[in-house]
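This report describes the fold of one protein chain for a reader who has not met it before. The sequence and the structure are shown first, and the description follows.

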Amino acid sequence: MTSLWLSFGAGTDLAGLRASARTHLDGHLGGGHLDEALTVITALVDHAGGEGELIVSRRDNNLLIELVTRTVVDGSPPIPPTPCWTHGAYSTGARGVIWAELEISRGPGPRLASSSFFRYACPRPG
């Protein structure tokens, strides 16, 4: 998967941002986890406020969603919709980064989002 990198500003059209992310992620995640990823993206952009960059990429066997903000983000990042996600925040000088990550495959070779890992360890949202 190639990385998606989008700039956003105050008053960004979240529906357009979600549509771009959906197009980018389509085929890489099962439906339930795609919806979760879009929910996480929206929550991170809402939390960041102001201006910044959204980066969606694959790192090893994980989907990584990062927001690089123009200012240091106060408070804890929003909690992802299921415990299958890890998340955090850190400062990089005058900027901040908030992130969330979801494991999308395990073991040797690629797996689809419908693999047994997702059926049992990370069930689709109900």
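Helix α1 (residues 14–25) lies across β1, β2 and β3 and runs at about 175° to β1. Such angles are taken between N-to-C directions on a scale from 0 to 180 degrees, the axes being lines fitted to C-alpha atoms, for helices over the stretch in contact. Helices (H or I, at least four residues) and strands (E, at least two) are DSSP runs, numbered from the N terminus.

The model is predicted: local features need pLDDT of at least 70 and side-chain atom pairs count only at pLDDT 80 or more, whereas totals for chains, interfaces and linings use all residues. Residues are numbered from 1 along each chain as its sequence is written, and side-chain values use heavy atoms, with hydrogens and water left out.

**Overall fold**

The protein chain contains three helices and five strands, arranged along the sequence in the pattern β-α-α-β-β-β-β-α. Of its 126 residues, 42% count as buried, where buried means under 20% relative accessible area, exposed means over 50%, and partly exposed lies in between (1.4 Å probe, protein chains only). The chain exposes about 6,600 Å², of which carbon and sulfur atoms supply 52%; accessible areas come from the Shrake-Rupley method with a 1.4 Å probe, and for residues only the protein chains shown count as cover. Among contacts in the chain with a separation of 6 or more, 58% are between residues 24 or more positions apart, a contact being heavy atoms within 4.5 Å.

**The sheet**

The five strands form an open sheet in the order β1-β2-β3-β5-β4, with antiparallel pairing. Its edge strands are β1 and β4 (85–92), each of which pairs on one side only. From one strand to the next, the twist averages 15°. Two strands are taken to pair if DSSP finds at least two bridges between them. In general, strands of a sheet pair through backbone hydrogen bonds, either parallel or antiparallel.

The table gives three of the strand pairings, each with an example of facing residues.

| Strands | Bridges and sense | Example |
|---|---|---|
| β1 and β2 | five, antiparallel | S7 with E53 |
| β2 and β3 | eight, antiparallel | V56 with I65 |
| β3 and β5 | eight, antiparallel | V68 with V97 |

A further position in the pairing of β1 with β2 is F8, which stands opposite G52 in β2. Strands β2 and β3 form a hairpin with two residues between them, and D60 in the turn has a positive phi of about 55°.

Strand β2 (residues 52–59) is mostly covered, six of its eight residues being buried. Strand β3 is likewise mostly covered, with seven of its eight residues buried. One residue of strand β3 (residues 62–69) is T69. T69 is buried, at a relative accessible area of 1%. Apart from its neighbours within four places in sequence, T69 is in contact with A48, E51, G52, R95 and G96.

**Salt bridges**

A salt bridge is defined here as a side-chain nitrogen of Lys or Arg within 4 Å of a carboxyl oxygen of Asp or Glu. By this rule, the count comes to two.

One of them is formed by R22 and D35, whose closest N and O atoms are 3.3 Å apart. R22 lies in helix α1 and D35 in helix α2 (residues 31–48), so the pair ties together parts that are 13 residues apart in sequence. R22 is partly exposed, with a relative accessible area of 36%, and D35 also counts as partly exposed, at 39%.

Another salt bridge joins the side chains of R95 and E53, at 3.7 Å from N to O. Because R95 lies in strand β5 (residues 95–103) and E53 in strand β2, this pair ties together parts that are 42 residues apart in sequence. R95 counts as partly exposed at 35% relative accessibility, whereas E53 is buried, with a relative accessible area of 10%.

Both R95 and E53 also appear elsewhere in this account: R95 is among the contacts of T69, and E53 is the bridge partner of S7 in β2.
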